[in-house]
Amino acid sequence: MIEVNAVYVLIARDLKKFVREKGRLVSTLARPLIWLFLVGGGMSRLVSPGMGMSYIQFIFPGILGMTILFSSIFSSISIIWDKEFGLMKEILVAPVSRFSIVIGKALSGTIISVIQTAVILLLLPFLGIKLSFLSVPYTLGVAFLLAFCISSLGIIIATFFENLESFSSIMNFIVMPMFFLSGAMYPVQKLPEILRHLAKINPLTFGVDALKHAIFRENHVYDFPLFTDLGVLIISSIVFVVIAGFSFERK
Amino acid sequence: MPIIKVENLSKTFDALTAVDNVSFEVDEGTIFGFLGPNGAGKTTTINILCTLLSPTSGKASIAGHDCVKEPSEVRKAIGIVFQDTTLDKDLTAYENLMLHAYLYDVKRNEMKSRIDDALYFVGLYERRDDLVKKFSGGMKRRLEVARGIIHRPRVLFLDEPTLGLDPQTRANLWEFIVGLPKKHNVTIFMTTHYMEEAEVCDSIAIIDKGKIIASGTPEELKKTIGGDVIYIRTSDNEKARSEIEKLFGLEVSEKDNELFLTTLKGDACIPEIIKAIGEKVLSVRLQRPTLNDVFLKMTGKQIREINGSSDDTIREAVRAYRRRHS
């Protein structure tokens with residue numbers, strides 16, 4: 001059912017375009033750094049999360065989560081561009097199953113997100129944030145799972161929109177709420193009750209929590225057990241891929 | 001052997017019937033022209049054949065595979081050049097073809113040679129490493145034709161391949177298209193609303209408002225409107241007229257000091273007439289019926305007159321349908 005060649009070429013195409021658009025890498029790297037230092041720096045004076053760390057340290061996993069969220073969603077939303085500019089038709093008439101297209105697109109978003117995560121991790125020593133050596137592969141592994149989950153969710157979103165005008169509504173009504181309800185900026189346990197329940201249906205919450213496990217391995221800043229985090233990410237990834245495959249079927 | 005079979009095919013978008021009980025067959029290795037004004041149902045029919053749309057009723061099959069039940073087999077057997085460009089403008093010409101080759105599972109060791117051949121064929125080999133966004137409209141269309149043949153399809157669909165191109169580019173593109181069946185062993189299914197372009201087709205179906213109103217070879221269709229018209233100016237019209245009528249048994253009329261007569265084989269007839277009334281002839285011209293005349297006779301309208309408005313209606317209806325069903 002899954003055509004390896006098709007999956008491969010869909011990933012290769014996105015990576016090639018990612019490498020060509022140098023500006024995209026710079027701007028996606030700039031965003032987390034701005035958040036980390038402007039928001040983190042400002043808020044550090046106001047809040048102290050305790051547990052022996054500054055606020056800037058506390059939000060670091062959340063900022064990684066944000067990077068993954070934005071880059072995965074954008075990668076999947078490019079499907080709307082492809083629909084508008086025609087290439088999607090070429091892909092849809094090819095003798096390739098819908099699941100191959102979904103897997104190819106989801107993996108390309110995942111790989112691009114993991115590359116960006118890796119670049120941010122590389123910059124850390126220069127920014128004065130210390131990370132233990134083992135945390136790096138651990139973090140990248142979690143980033144992969146989270147990015148795959150968000151990318152496949154992005155594909156479902158993209159199948160519902162036909163043109164680029166819908167872009168700002170996706171940002172305002174899906175991406176931003178997902179970010180603020182994820183525990184990236186504040187511990188989920190401290191949220192008001194309604195928001196806490198909403199946070200629990202947000203896959204990003206569990207991704208950010210898993211990143212907290214990966215980055216602060218000794219400190220107990222997480223809200224859920226790692227097992228729960230990974231379980232939620234894996235199961236929701238499978239569900240999203242299946243839904244995306246069906247919503248891709250011809251209408 | 002028909003390679004495309006369409007039987008009683010219909011497609012309705014809510015109240016609008018885009019394709020209405022259409023049946024036709026296309027023989028292998030031929031060029032088939034599907035003609036009609038914009039909004040007549042050509043693209044809808046192509047989309048059904050390409051497995052992008054499912055029909056409301058009726059059957060369609062390509063190379064023996066049912067378009068609804070075996071979409072994957074049908075997709076392997078066809079190549080398509082859509083009306084709007086479907087290239088990735090941020091990739092090079094070569095990369096676009098590579099993308100296609102991988103999607104159609106072309107063998108790795110054949111990929112490069114097939115892509116190079118296709119690029120040579122459409123004259124874009126020198127430009128293979130340029131980004132497609134730098135290409136002109138005609139180059140993009142040629143690249144799409146090249147892409148369409150890389151996986152050796154048995155049927156190549158061309159939906160309005162020359163739309164929006166300048167006359168010279170159009171002529172160049174036609175040269176490629178006409179050479180395709182022999183060189184690449186492929187059957188061509190093309191749509192156009194330029195009737196004069198359809199002259200190169202082996203067979204034609206004319207569609208209007210979702211229904212097929214005429215079909216046959218271009219010659220057969222043109223015969224239905226009575227054949228060629230010969231116009232003759234002579235030094236003595238009266239005498240020449242009675243001589244021609246007597247010798248050939250044809251009815252000759254006169255208009256603006258010029259005789260004219262309708263006959264099936266105008267080109268063969270002219271020498272005979274000149275032989276008979278030789279010295280009186282001042283000038284002769286032959287007017288062949290065009291497919292435009294055929295369309296005019298069938299529908300009572302010029303094909304150009306109906307373009308535009310009906311096009312917008314059908315696009316609107318399709319869009320509204322999609323919105324509701326997505």
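Helices and strands are here DSSP runs, of at least four residues (H or I) for a helix and at least two (E) for a strand, numbered from the N terminus. Counted in this way, the secondary structure of chain B comes to eleven helices and 14 strands. The structure is a predicted model, and the features below are read from its atoms.

Chain B offers a convenient place to begin. Its C-alpha atoms fill a box of roughly 75 × 50 × 35 Å along the principal axes. The chain is divided into domain 1, made of residues 2-221 + 297-325, and domain 2, made of residues 227-287. Taken over C-alpha atoms, the centres of domain 1 and domain 2 of chain B are separated by 43 Å. Of the 326 residues in chain B, 52% are buried. Contacts that reach across the sequence are also a feature of this chain: among those between residues at least 6 apart, 69% join residues at least 24 apart.

The N-terminal part of chain B contributes to an open sheet of four strands, in the order β2-β1-β4-β5 and with antiparallel pairing. Because β2 and β5 (65-66) of chain B stand at the edges with a single partner strand each, one side of each is left without a neighbour in the sheet. Moving through the sheet in order, strand β2 (residues 16-27) of chain B is joined to strand β1 (residues 2-13) of chain B by eight bridges, and the two run antiparallel. Within this pairing, B:Val26 in β2(B) stands opposite B:Ile4. The two strands form a hairpin with two residues between them, and B:Asp14 in the turn has a positive phi of about 50°. Next, β1(B) pairs with strand β4 (residues 57-62) of chain B over five bridges, again in the antiparallel sense. Here B:Val6 stands opposite B:Ala60 in β4(B). Finally, β4(B) and β5(B) pair over two bridges, in the antiparallel sense, with B:Ile62 opposite B:His65 in β5(B).

Some of these sheet residues reappear in the nonpolar interior. In soluble globular proteins, nonpolar side chains tend to be buried together. The largest nonpolar core holds 151 residues, of which B:Ile4, B:Ile62, B:Phe157 and B:Phe189 touch the most other members. Helix α7 (residues 135-159) of chain A gives the most to this core, with twelve residues. Apart from this core lies another, of eleven residues, among them B:Ile230, B:Ile232, B:Ile244 and B:Leu259. Returning to B:Ile62, and leaving aside residues up to four places away in sequence, its contacts are B:Ile3, B:Ile4, B:Leu49, B:Cys67, B:Val74, B:Ile78, B:Val155 and B:Phe157.

Aromatic side chains add a further layer to the picture. A search of the whole structure finds 18 aromatic pairs over all chains. One of them is formed by A:Trp35 and A:Phe179, which meet edge-to-face at 5.2 Å centre to centre, with 85° between the planes. A:Trp35 lies in helix α2 (residues 22-44) of chain A and A:Phe179 in helix α8 (residues 167-180) of chain A, so the pair ties together parts that are 144 residues apart in sequence. Both A:Trp35 and A:Phe179 are buried. In chain B, ring pairs link B:Phe24, B:Phe32, B:Phe34, B:Phe157 and B:Phe189 into a cluster. Rings also meet charged groups in this chain. The charged end of B:Arg128 sits over the ring of B:Tyr125, 4.1 Å from its centre, and that of B:Arg285 sits over the ring of B:Tyr231, 4.0 Å from its centre.

A few loop residues complete the description. Most residues other than glycine have a negative phi. B:Asn185, in the loop between α6 (167-184) and β8 (187-192) of chain B, has a positive phi near 55°. B:Asn185 counts as exposed because its relative accessible area, 60%, is over 50%. B:Lys209 likewise has a positive phi, of about 50°, and is placed in the loop between β9 (203-208) and β10 (211-216) of chain B. With a relative accessible area of 62%, B:Lys209 is exposed. In chain A, A:Ser97 lies in the loop between α5 (87-92) and α6 (98-127). A:Ser97 is buried, however, with a relative accessible area of 12%. Leaving aside residues up to four places away in sequence, A:Ser97 touches A:Met1 and A:Glu3.

Terms used
Residues numbered from 1 in each chain as written. Chains lettered and ligands numbered in written order. Predicted model: local features only at pLDDT ≥ 70, side-chain atom pairs only at ≥ 80, totals over all residues. Heavy atoms only, no water. Phe/Tyr/Trp six-rings, centres within 6.5 Å; stacked < 30°, edge-to-face > 60°. Buried < 20%, exposed > 50% of the residue type's maximum accessible area, 1.4 Å probe, protein only. Lys NZ or Arg CZ within 6 Å of the ring centre and 35° of its normal. Domains from an automatic or database assignment. Core = buried A, V, L, I, M, F, W, Y, C linked by side-chain atoms within 4.5 Å. Contact = heavy atoms within 4.5 Å. Pairing = 2+ DSSP bridges.
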